[in-house]
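Grab a coffee and work through these exercises with the structure open beside you. Try each task before you read its solution.

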Amino acid sequence: MEKLHERQRARFSLLQNYLCLKLSRVIELVIEARKASIAPGMDVKRILPFRLRRMVGPFIFMDHAGPIQEQPTNGSKLDVLPHPHIGLSTVSYLFGGQVTHRDSLGVEQIIRPGEVNWMTAGKGIAHSERFEDPSSLTGGQLEMIQTWVALPEKDEEAAPSFTNYKPEQLPIYTDTGVWMRLIAGDAYGMNDVKTLSPLFYLHAVIQQGKDFGLPRDHSERALYVAKGNIEVQGKLYHEGQMLVFSQGADPIIHAKENSMLMLMGGEPLGERHIWWNFVSSRRERIEQAKEDWKQGRILLPPNDNKEFIPLPEDKSKPAASPPAPEILS
C-alpha cells in the first residue's frame, strides 16, 4: 500500500511539473519567413502557411513583400496577373508605394499606405494587382503585407464583395511610445472593420524601450516582426519572425529598438483544404474550382481581361491528375 501511494505521489508530481512547464511556455512556436516568388521580379517573405502551424485563428496565409528595390521602368514585371480565389478574404495593407486592384466585380481601386483592401472571394472571384505608378517604386518605397482569412463554412459560398477602407476609417490606439492601427476585428476596446468570424489584426509601431501586451480576448494569437527587434521572456526575436503564443499566455513584449509589428489572431475555424489560391472546408469544392477556372466560369476583371494566370499543373504526375488539395488545420 505504501508503494502504491509513493507511485501516486510520483505521478502527481510529474503532472504538476508538466502543467507548470506548459503554463510557463509563453511562445508555442517561432516561424521563420521563407522566400517565395509570386511573379517575375517579385519575391516575398512567406510566413503562413507553415508546416508546423498552418493557421493562426482564421488566418491561413501571410506574405510580406518589399521593400522592393526596382527601377521605375520595371513596374510591369512585378504585376500579379488576374487569378482566382474561393473560400477566403484577401486583406491587403501597404507600408509604402501603391498598387492598383482590379477584380471581376468591376472594381478598380488604388490602394495606398494605411488603407485596407478587403476582398471576400466567397464562391469565386478573380483579381489582379498592378504596379502602375513608376514613382512608387523609386528608392524602395513599395512594401506591403497580404493575408488571407479563411471563411466560416456558412459563408464559403457567399457572393463575392470588395471594400476599401481609408486610414481615417480605421481606429487608432496610442500610448507613450506605442501606436497601433486596427486593420480588422476587435482589440484593445477598438472594433470597426466588419469580419465574418472573431479575429483581430493590427499594425503596431513600438518605440525602443517600450513594453506592451497582446489582446486577451482571442484564443489564438501571434505577432510578426516586420522591422526591428523585440524581447519576450529575456529572448530576442528579429525581423522576419512570427511568434505564435500559447493559449492563455499573457506575454510582455519589449521593444529592443524601434519596431514595426503585425499582430493577429482569432478563433479557429476547423480543418481547411488549400490548393493554389483556393481554400475550402471541402476537398471536392477545390476540385470544382480548378475546373471552373480552366473552363472560364470564374470571370476575369472586365477592365483587365487580356491575360491571366493559368491553372498550375503538377509535372510529377499525369496532366489529368493534379495534386490533391492539401489539408490545413
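**Exercise 1. Is Ser246 buried or exposed?** Work it out, then place Ser246 in the chain and list what it touches.

Solution. Keep in mind that you're looking at a predicted model.
- Step 1: find the spot. Ser246 sits in the loop that links strand S21 (241-245) to strand S22 (252-255).
- Step 2: check the number. The relative accessible area of Ser246 is 12%, and the cut-off for buried is under 20%. Ser246 is therefore buried, loop or not.
- Step 3: look at the company it keeps. Skipping residues up to four places away in sequence, Ser246 touches Arg25, Val26, Ile27, Glu28 and Arg221.

**Exercise 2. Describe the surroundings of Gly185, starting from the strand that holds it**.

Solution.
- Step 1: Gly185 belongs to strand S14, which covers residues 178-187.
- Step 2: its relative accessible area comes out at 3%, so Gly185 counts as buried.
- Step 3: now list the contacts, leaving out neighbours within four places in sequence. You should get Met190, Asn191, Asp192, Val193, Thr195, Leu199 and Phe200.
- Step 4: try one distance. Pro198 is 13 residues from Gly185 along the chain, and 6.8 Å separates their C-alpha atoms.

**Exercise 3. Take stock of the whole chain: how many helices and strands does it have?**

Solution.
- Step 1: count the elements. There are 2 helices and 26 strands.
- Step 2: check burial. Of the 329 residues, 52% count as buried.
- Step 3: look at the contacts with a separation of 6 or more. Residues 24 or more positions apart make up 70% of them.
- Step 4: turn to the surface. The chain exposes about 15,500 Å², with 51% of that coming from carbon and sulfur atoms.

**Exercise 4. Which residues touch the most other members of the largest nonpolar core?**

Solution. A bit of background: nonpolar side chains tend to be buried together in soluble globular proteins.
- Step 1: the largest core has 30 residues, and the best-connected ones are Ile31, Met62, Tyr201, Tyr224, Met242, Met262 and Met264.
- Step 2: zoom in on Met262. Not counting residues up to four places away in sequence, the residues it touches include Met62, Tyr93, Phe95, Ile145, Tyr201 and Tyr224.
- Step 3: don't stop at one core. A separate second core holds 25 residues, among them Ala204, Val225, Ala255 and Leu261.

**Exercise 5. What lines the largest pocket, and what lines the largest cavity?**

Solution.
- Step 1: start with the pocket. Its volume is about 580 Å³, and 27 residues line it, with Ile38, Arg46, Phe61, Trp148 and Asn277 nearest its centre.
- Step 2: trace where the pocket lining comes from. Strands giving two or more residues include S2 (34-39), S3 (42-48) and S4 (59-65), while S11 makes the largest contribution, 4 residues.
- Step 3: sort the pocket lining by type. You get 17 nonpolar, 4 polar and 6 charged residues.
- Step 4: move on to the cavity. The search turns up 1 cavity of 30 Å³ or more, and the largest cavity has a volume of about 70 Å³.
- Step 5: name some of the cavity lining. It includes Thr90, Ser92, His101, Met119, Glu129 and Phe162, and S11 is one of the strands supplying at least two lining residues.
- Step 6: sort the cavity lining too. Here the split is 5 nonpolar, 6 polar and 1 charged.

Definitions and conventions: Residues numbered from 1 in each chain as written. Predicted model: local features only at pLDDT ≥ 70, side-chain atom pairs only at ≥ 80, totals over all residues. Heavy atoms only, no water. Buried < 20%, exposed > 50% of the residue type's maximum accessible area, 1.4 Å probe, protein only. Contact = heavy atoms within 4.5 Å. Core = buried A, V, L, I, M, F, W, Y, C linked by side-chain atoms within 4.5 Å. Areas by Shrake-Rupley, 256 points an atom, 1.4 Å probe, with all protein chains shown as cover. 1 Å grid on protein atoms, 1.4 Å probe; cavity = no way out; pocket = protein on both sides within 12 Å on 5 of 7 lines; lining within 4 Å. Points joined across faces, edges and corners; volume = space filled by probe spheres on them. Nonpolar A, V, L, I, M, F, W, Y, C, P; charged D, E, K, R; others polar.
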